[in-house]
Amino acid sequence: MSVSSNLVETPEDLEVKRKAWVWNKRELLNFVTQYAEAADPVAISVPTSEQNAIVADAEKAKFPITLVRKLGKLQFQINAADDSDLLAELNDKFTTALRGYAEKLGLGQAFS
């Protein structure tokens, strides 16, 4: 049995994870919002040059570019949705993708 299996996260550890997630989520959502706002409403499936620049900046900040694109597209669709059922579905997809990213970072417990 390894030593790490006997370790328990303290409240201080969880607070550090929570702060790390809050910062990380804020930075990620900043890129996602910019990406969604830069979308061409006519051809959303084709990234604009501005969106490509935003993704390049996100990549420099070490964010997964596929996640930025996926969340940006979902954010664009959420902003344009009129149907409440569609909006709920898109919000669920957005939250699920964000939660998955938090868990991959080891910050799933801090997800909020």
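This report walks through the helix packing, the nonpolar core and a few individual residues of the structure above. The model is a predicted one.

**How H1 meets the other helices**

Let us start with helix H1, which covers residues 11-37. H1 and H2 pack with their axes 9 Å apart, at an angle of about 170 degrees. Angles over 145 degrees count as roughly antiparallel, and H1 and H2 are therefore roughly antiparallel to each other. On the H1 side, this contact uses Phe31, Gln34 and Tyr35, while H2 brings Gln51, Ile54, Val55, Asp57 and Ala58. Sorted by class, the residues of the contact of H1 with H2 are five nonpolar, two polar and one charged.

H3 is the next partner. Here the axes of H1 and H3 lie 8 Å apart and the packing angle is about 55 degrees. That angle makes H1 oblique to H3, and H1 passes H3 in a right-handed crossing. The H1 residues involved are Leu28, Phe31, Val32, Tyr35 and Ala36. From H3 come Leu67, Val68, Arg69, Leu71, Gly72, Lys73, Gln75 and Phe76. By class, the contact of H1 with H3 holds nine nonpolar, two polar and two charged residues.

Then there is H4, made of residues 84-104. The axes of H1 and H4 come within 12 Å and cross at roughly 135 degrees, which makes H1 oblique to H4. H1 passes H4 in a right-handed crossing. Trp21, Asn24, Lys25, Leu28, Leu29 and Val32 of H1 meet Phe94, Leu98, Tyr101 and Ala102 of H4. Eight of the residues in the contact of H1 with H4 are nonpolar, one is polar and one is charged.

**The nonpolar core**

Which residues have the most contacts inside the largest nonpolar core? They are Trp21, Leu28, Phe63, Val68, Leu71 and Phe94, in a core of 24 residues. The elements giving two or more residues to this core are H1, H2 (49-60), H3 (65-80) and H4. Of these, H4 gives the most, with six residues.

Several of these names also appear in the helix contacts. Leu28, for example, is on the H1 side of the contact with H3 and also takes part in the contact of H1 with H4. Trp21 of H1 and Phe94 of H4 are both in the contact between those helices, and Leu71 is on the H3 side of the contact with H1.

Val68 deserves a look of its own. Leaving aside residues up to four places away in sequence, valine 68 touches Leu28, Phe31, Val32, Tyr35, Val55, Ala58 and Phe63. Among these neighbours, Phe31 and Tyr35 belong to H1, and Val55 and Ala58 belong to H2.

**Residues with some exposure**

What about the loop between H2 and H3? Lysine 62 is found there, and so is proline 64. Lysine 62 has a positive phi of about 70 degrees although it is not a glycine. Most residues other than glycine have a negative phi. Lysine 62 is also exposed, because its relative accessible area is 70% and the cut-off for exposed is over 50%. Proline 64, with 31%, is partly exposed.

Just along the chain, threonine 66 sits in H3, glutamate 37 has its place in H1 and asparagine 91 lies in H4. The table gathers the accessibility of these three residues.

| Residue | Relative accessible area | Class |
|---|---|---|
| Threonine 66 | 60% | exposed |
| Glutamate 37 | 64% | exposed |
| Asparagine 91 | 33% | partly exposed |

**Distances across the fold**

A few C-alpha to C-alpha distances help with orientation. Glutamine 75 is a handy reference point: its C-alpha is 8.9 Å from that of glutamate 37, with their positions 38 residues apart along the chain. Asparagine 91 and glutamine 75 are 16 residues apart in sequence and 8.5 Å apart in space. Glutamine 75 itself is one of the H3 residues in contact with H1.

Two further pairs involve alanines. Proline 64 and alanine 39 are 25 residues apart in sequence, and their C-alpha atoms are 19 Å apart. For threonine 66 and alanine 43, the separation is 23 residues in sequence and 18 Å in space.

Technical notes
Residues numbered from 1 in each chain as written. Predicted model: local features only at pLDDT ≥ 70, side-chain atom pairs only at ≥ 80, totals over all residues. Heavy atoms only, no water. Axes fitted to C-alpha atoms, helices over the stretch in contact; angles between N-to-C directions. Helix = DSSP H or I, 4+ residues; strand = E, 2+ residues; numbered from the N terminus. Parallel < 35°, antiparallel > 145°, perpendicular 65-115°, else oblique. Left-handed = near helix turned anticlockwise from the far one by under 90°. Contact = heavy atoms within 4.5 Å. Nonpolar A, V, L, I, M, F, W, Y, C, P; charged D, E, K, R; others polar. Core = buried A, V, L, I, M, F, W, Y, C linked by side-chain atoms within 4.5 Å. Buried < 20%, exposed > 50% of the residue type's maximum accessible area, 1.4 Å probe, protein only.
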